[in-house]
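Biologist: I would like a close look at a single part of this model, taken residue by residue, with the surroundings of that part described as well. Please start from one side chain and work outwards from there.

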Amino acid sequence: MSLKQMINIALPKGRLGEKAYRVFEAAGYECPSIREENRKLIFENEEKGIRYFWVKPSDVVIYVERGAADIGIAGKDIILEYSPDIYELADLGMGKCRMAVACKRDFCDNRDKTLRVATKFPNIAKKYYNSQSREIDIIKLNGSIELAPILGLSDVIVDIVETGKTLYENDLEPRETIVDISARLVANKVSYKFKNAEITAMCERISEQIKKN
Amino acid sequence: MSVSFTALKNDEKAVFSLRELYSRYGYVRHKVSKFEEYDLYARNKSFLISENILTFTDTDGRLMALKPDVTLSIIKNIGNDDTQTHKLYYNENVYRTSAGADGFREIMQTGLECVGRIDLCAVCEVITLAKKSLELISENSILDISHMGFVAGLMENIGIEGIDADSLLDFIEHKNLSAIKAFCAERAISEADARAICDITALYAPMGEALEAVRDIVRGKKMKAAYDELCGIYGVLSACGNADGIYVDFSTVNDMNYYNGVTFKGFVRGIPDGILSGGSYDSLMKKMGKRAGAIGFAVYLDMLERLDFESEKYDVDTLLLYESGSDMAQVARAAESLRGEGRTVRCELCAPNGIRYRQLLKFSEGGVSVLETND
């Protein structure tokens, strides 16, 4: 089978990706070599016509949009932040969390001032505050967002909140929910057309599996 | 002058074959100037693929733009009356930014416009040409067809408008069924209506099969008109044997301010984005104060370079090395005779760095000897 005939699947490195792979496995798209401990980057099951690879979670949509992957698993947060031109075929209902505005417990919002917002998701934050006609100053950070309000770098943060434990332990609290997040099955638009039968079948089997869980 | 097709790159080949194709259907070449008054684009910004426009001030102080699009320049001057039909094609460089690229790029674009009285015959002709254009570029191609009135008609019938319509269109465009279901549940849209929206979003099938599948969903005047038009088109296309490889995908949504009737998009295997896009744009004509109807499409030739896998393996078939003391007339004759066999031949004193050749030959007084063969 030639390289192009296979379905290429980009999985996000980490817990979510492993969980998602288990769903693919249960749906009949197993690839035993993925469980072997080695430094390989690509795993394939020629008989099933599938090929998996692990990529950085925020890169999944790039692989899919540019067609290097036909299918991918991406968080809704990443999709909203990068607005890729791809199909969002199913909500996997896993990796559930929410995008929220959080701040110090004693913070009192003063609408008189420009709000300083620290975040890893500048586009989501801008869109949210735009819809409220609020002037903001975006501070783009790449990690440890919770530090920003504690050190006075920002007034609030826009970040993913799962249980809120990290926030509470650092004297912070979530104030507003912007949007609920979960993992999505995404597909390249052109692959969807040329490999339609395979992708549609896969999507159906994955959705069935999700319902079972 | 005859040109060997093998020496041409994919986009150059496409330009020649498309030109020939369009002429065969009686379309005439239309040339437009490189610059256009900026105002034309400022008024129709969302019609353009990217809103960035390269501008400069002309000697008389007018703000000018390097063309980001050809259609607007063409219809600016024609289409005032709907009794005459213009059939034109163009091959022009346009200047615009593209996703991911840093800054402006010069992009070669070929396209075709049919302006005037647009009837079923004209629509089918343009769709046929779109399909044949794709077939000339790759043997593995798909043309997706949709109708603006179909989706818009369904939404009107259900009573979705304004911002709601925009967000629903966005979900449809991404085939995001879970978002559509949540959207319908929030607005207490009936289950049957919600299912209708989901069905047309998920639909992707060959044209005949798809039209059969959506027959029962059709409701309201606008949707019915769109459906009938699609059926009419299918009738003509299939009668001429041109319906194979045409799929219906209602999630292909173009800007409703410009496009109104049938729209289509073309894809070839190996390029992860559409390479052809078009549709009927009577609404744009009306916006520009024209009475005539119009339909057309553009082929984005810049993407075709991605298809060049095979031809780039070698820079030259034969690298012929000679010595500074060699008889140059004999060297030239040897090279010419090799070229006569149909090979590409480069003569050098010593092999240039990094050159990829199929065969390395050495010229000496005794004749030509083979030093290395790579194939």
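Modeller: This is a predicted model, and the part I would start from is B:S326, which, leaving aside residues up to four places away in sequence, touches B:V331, B:F363 and B:E365. B:S326 sits in the loop that runs between strand 13 (316-321) and helix 12 (328-340) of chain B, and because its relative accessibility is 8%, under the 20% limit, B:S326 counts as buried. The side chain of B:S326 also reaches the backbone oxygen of B:E323, at 2.9 Å.

B:E323 is itself worth following, since its side chain meets that of B:K362 in a salt bridge with an N to O distance of 3.2 Å. B:K362 belongs to strand 15 (residues 357-364) of chain B, whereas B:E323 lies in the loop between strand 13 and helix 12 of chain B, so this pair ties together parts that are 39 residues apart in sequence. Both partners count as partly exposed, B:K362 at 23% relative accessibility and B:E323 at 42%.

Strand 13 of chain B, at one end of that loop, holds B:T318, and at 0% relative accessibility B:T318 counts as buried. The side chain of B:T318 is joined to that of B:R343 by a polar contact of 3.3 Å, and, with residues up to four places away in sequence again left out, B:T318 touches B:L338, B:R343, B:T344, B:V345, B:R346, B:Q359 and B:L361.

To place this part in its chain, the domain assignment divides chain B into domain 1 (1-140 + 269-312), domain 2 (149-245) and domain 3 (314-373). The centres of domain 1 and domain 3 of chain B, taken over C-alpha atoms, are separated by 43 Å. Elsewhere in chain B, helix 4 (residues 120-137) contains both B:E135 and B:K131, four residues apart, or about one turn of the helix, and the side chains of these two residues meet in a salt bridge of 2.8 Å, N to O. B:E135 counts as partly exposed at 41% relative accessibility, while B:K131 is buried, with a relative accessible area of 9%.

Chain B also meets chain A, with 21 residues of chain A in contact with 24 residues of chain B. The area buried between the two chains is about 1600 Å², and carbon and sulfur atoms give 52% of that area. Of the area that chain A buries against chain B, A:V190, A:K193 and A:F194 supply 39%, more than any other three residues. Two salt bridges are counted between chain A and chain B, and A:K193 forms a salt bridge with B:D144, in which the closest N and O atoms are 2.6 Å apart. Two elements of chain A, strand 5 (87-91) and helix 7 (189-194), each give two or more residues to the side that touches chain B, and helix 7 gives the most, with five residues. By class, that side of chain A has seven nonpolar, four polar and ten charged residues.

Strand 5 of chain A also holds A:D91, which forms a salt bridge with A:R184, the closest N and O atoms being 3.6 Å apart. As A:R184 lies in strand 11 (residues 183-187) of chain A, the pair ties together parts that are 93 residues apart in sequence. A:D91 is partly exposed, with a relative accessible area of 30%, whereas A:R184 is buried, at 9%.

Technical notes:
Residues are numbered from 1 along each chain as its sequence is written. Chains are lettered from A and ligands numbered from 1 in the order in which they are written. This is a predicted model: local features need pLDDT of at least 70, side-chain atom pairs count only at pLDDT 80 or more; totals for chains, interfaces and linings use all residues. Side-chain values use heavy atoms; hydrogens and water are left out. Domain bounds come from an automatic or database domain assignment. Contact means heavy atoms within 4.5 Å. Buried area is the accessible area (1.4 Å probe) that two parts lose on being put together, summed over both. A salt bridge is a side-chain nitrogen of Lys or Arg within 4 Å of a carboxyl oxygen of Asp or Glu. Ala, Val, Leu, Ile, Met, Phe, Trp, Tyr, Cys and Pro count as nonpolar, Asp, Glu, Lys and Arg as charged, and the others, Gly among them, as polar. Buried means under 20% relative accessible area, exposed over 50%, partly exposed in between (1.4 Å probe, protein chains only). A polar contact is a pair of N or O atoms within 3.5 Å; within protein, one must be able to donate a hydrogen and the other to accept it, and residues adjacent in sequence count only if both atoms are side-chain atoms.
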